Amino acid sequence: MSSVDSKLYQFAVQTAKEAVALDSQGKYRQAINKYQRAAEILMQFMKYNKNPQMRMLCQKNIEEYMERAKILKSQLGGARPRGSKPSVSSNESSNADKSETGVSSEEQELIEMISGTIVTESPNVKWNDIAGLENVKQAVREAIVLPIAKPELFTGARKPWSGILLFGPPGCGKTLLAKAAATECKATFFSASSADLLSKWLGESEKLISSLFKVARMKAPSLIFMDEIDSVATKRGEGSESGGERRVKTQLLSEIQGLKSTHDNLLLVLGATNRPWDIDNAMLSRFEKRVHVPLPDLKGRVGIFKIHTEGVNTALSDEDFVELAVRSEGYSGRDIANVCREVIMLPVRELDMSGLLEDSNKDVEVRDINLKDFKKTLKKVKPMTNTALLKQYNDWAKEFGEA
Ligand SMILES: Nc1ncnc2c1ncn2[C@@H]1O[C@H](COP(=O)(O)OP(=O)(O)OP(=O)(O)O)[C@@H](O)[C@H]1O
Ligand SMILES: [Mg+2]
């Protein structure tokens with residue numbers, strides 16, 4: 001960020017902080033003005049800042065501020081306004097841990113602080129939902145599932161890695177793998193999208209991060225999953241990051257460092273990124289185990305086509321699936337999932353266009369999807385990753401990854 005950019009942004013953050021403070025003090029009319037002002041400043045900022053991640057954050061914040069202002073306006077004069085203030089959104093706070101009993105008030109406070117930004121329920125993804133990636137699955141099991149399930153095996157010099165990083169092209173299963181690991185190891189699972197953590201800035205992010213680690217420690221064994229870790233740990237030119245960003249990063253670094261020195265409670269941090277080269281060196285060094293999640297190979301692609309056509313009638317033989325896999329070289333899992341979704345809709349679209357769905361009393365028969373549908377759609381839906389980008393992942397893996 002240029003210095004003008006960063007000043008403008010800090011100004012927006014400052015204004016939003018004031019809004020939240022006024023909001024807490026019950027000075028709603030003034031709070032409304034400040035929220036609107038903060039949103040306006042962010043809009044100005046977005047005119048100059050072209051960074052897509054940053055723009056997304058701003059967009060989200062703007063919506064939050066406008067929404068809060070709207071709620072305050074509609075309830076002015078009435079009772080205490082409902083809903084949460086933007087700094088700590090906790091609309092779903094009661095869901096996160098309502099079955100817990102005997103939670104201390106301090107713990108409850110921390111939990112409330114992290115809920116809304118951090119999801120704690122188990123994701124329910126099975127290893128079988130992920131096709132291929134056999135080596136990667138094994139590595140994730142060794143690094144995450146076993147240390148938590150069988151802590152007695154990991155004593156003395158055989159210590160688990162406290163930080164594990166999954167990296168690779170978009171849409172190849174990093175988030176899925178994290179979820180499957182969490183489902184299997186039955187640890188308390190905390191999932192925080194890094195972009196989300198940042199969007200809750202307003203000076204609260206550091207507290208949020210330290211609360212997250214505190215609660216995770218209380219509920220050990222725990223797995224903290226930080227998706228899109230590059231957005232909190234970006235490598236930047238000296239002095240170009242804002243104070244807020246730097247503080248969040250420092251807090252996160254020190255929490256992860258703390259994990260390395262104390263191993264009495266099991267707490268693992270799993271990061272994921274599709275921009276590993278953007279990660280700050282200090283952060284990278286905390287993630288000792290780095291696992292490359294590459295594009296799916298032929299066998300993997302067969303599996304992905306099968307998973308994403310499950311439950312739908314197909315006229316495809318095993319050989320047809322292999323042919324599809326051959327034709328989809330270079331596609332990510334997400335690309336293939338998109339192809340399947342398109343194809344599955346084709347027969348329904350045909351029926352709709354022929355007007356057969358208009359009569360709700362008539363039973364209609366949906367035809368099976370076939371190889372031709374796939375061939376046609378594969379020509380239309382192109383892979384998102386190109387060879388230059390793939391080379392970048394491979395080069396990075398050679399230099400920083402591990403065998
Ligand atoms: N190996 C796989 N088996 C089955 N489905 C897959 C596989 N890889 C990707 N997919 C499909 O693609 C979608 C995206 O995968 P996922 O979210 O795990 O990607 P990612 O690597 O985290 O991507 P990003 O870097 O963009 O976050 C999944 O929800 C799933 O539908
Ligand atoms: Mg992901």
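**Close-up views of a predicted model**

**View 1. Helix α2 passes helix α3 in a left-handed crossing.** In this model, which is predicted, helix α2 covers residues 28-48 and helix α3 covers residues 52-75, and their axes come within 9 Å and cross at roughly 160 degrees. Because an angle over 145 degrees counts as roughly antiparallel, α2 is described as roughly antiparallel to α3. On the α2 side the contact is formed by Tyr28, Ala31, Ile32, Tyr35, Gln36, Ala38, Ala39, Leu42, Met43, Phe45 and Met46, and these meet Arg55, Cys58, Asn61, Ile62, Tyr65, Met66, Arg68, Ala69, Leu72 and Lys73 on the α3 side. Sorted by class, the residues of this contact of α2 with α3 comprise 16 that are nonpolar, 2 that are polar and 3 that are charged.

**View 2. Ligand 1 lies between domain 2 and domain 3.** The shell around ligand 1 receives residues both from domain 2, which is made of 104-295 + 396-400, and from domain 3, which spans 298-384, and it is therefore placed between the two. There are 20 residues around the ligand, and those that come nearest are Pro170, Gly173, Lys174, Thr175 and Gly333. Two or more residues of the shell are given by each of the elements α7 (174-185), α12 (298-307) and α14 (333-353). In terms of class, the shell around ligand 1 holds 11 nonpolar, 7 polar and 2 charged residues.

**View 3. Helices α12 and α14, which both give residues to the shell around ligand 1, are oblique to each other.** The axes of α12 and α14 come within 9 Å, and the angle at which they cross is roughly 40 degrees. The crossing in which α12 passes α14 is right-handed. From α12 the residues Arg301, Ile304 and Phe305 take part, while α14 contributes Gly333, Ile336 and Cys340. Of the residues in the contact of α12 with α14, 4 are nonpolar, 1 is polar and 1 is charged. Gly333, which belongs to this contact, is also among the residues that come nearest to ligand 1.

**View 4. Helix α14 also packs with helix α15, which runs over residues 371-380.** The axes of α14 and α15 are 9 Å apart, and the two helices pack at an angle of about 130 degrees, which makes α14 oblique to α15. As α14 passes α15, the crossing is right-handed. In the contact, Val339, Glu342, Val343 and Leu346 of α14 meet Asp373, Phe374, Thr377 and Leu378 of α15. The classes represented in the contact of α14 with α15 are 5 nonpolar, 1 polar and 2 charged residues.

**View 5. The peptide bond from Ala220 to Pro221 is cis.** For this bond, omega is near 0 degrees. Pro221 is placed in the loop that lies between helix α9, residues 205-218, and strand β4, residues 222-227.

**View 6. Leu133 has a positive phi, although it is a residue other than glycine.** The value of phi for Leu133 is near 50 degrees. Leu133 belongs to the loop between strand β1, residues 118-119, and helix α6, residues 134-149.

Notes: Residues numbered from 1 in each chain as written. Chains lettered and ligands numbered in written order. Predicted model: local features only at pLDDT ≥ 70, side-chain atom pairs only at ≥ 80, totals over all residues. Axes fitted to C-alpha atoms, helices over the stretch in contact; angles between N-to-C directions. Helix = DSSP H or I, 4+ residues; strand = E, 2+ residues; numbered from the N terminus. Parallel < 35°, antiparallel > 145°, perpendicular 65-115°, else oblique. Left-handed = near helix turned anticlockwise from the far one by under 90°. Contact = placed C-beta atoms within 7 Å. Nonpolar A, V, L, I, M, F, W, Y, C, P; charged D, E, K, R; others polar. Near = placed C-beta within 6 Å. Domains from an automatic or database assignment.
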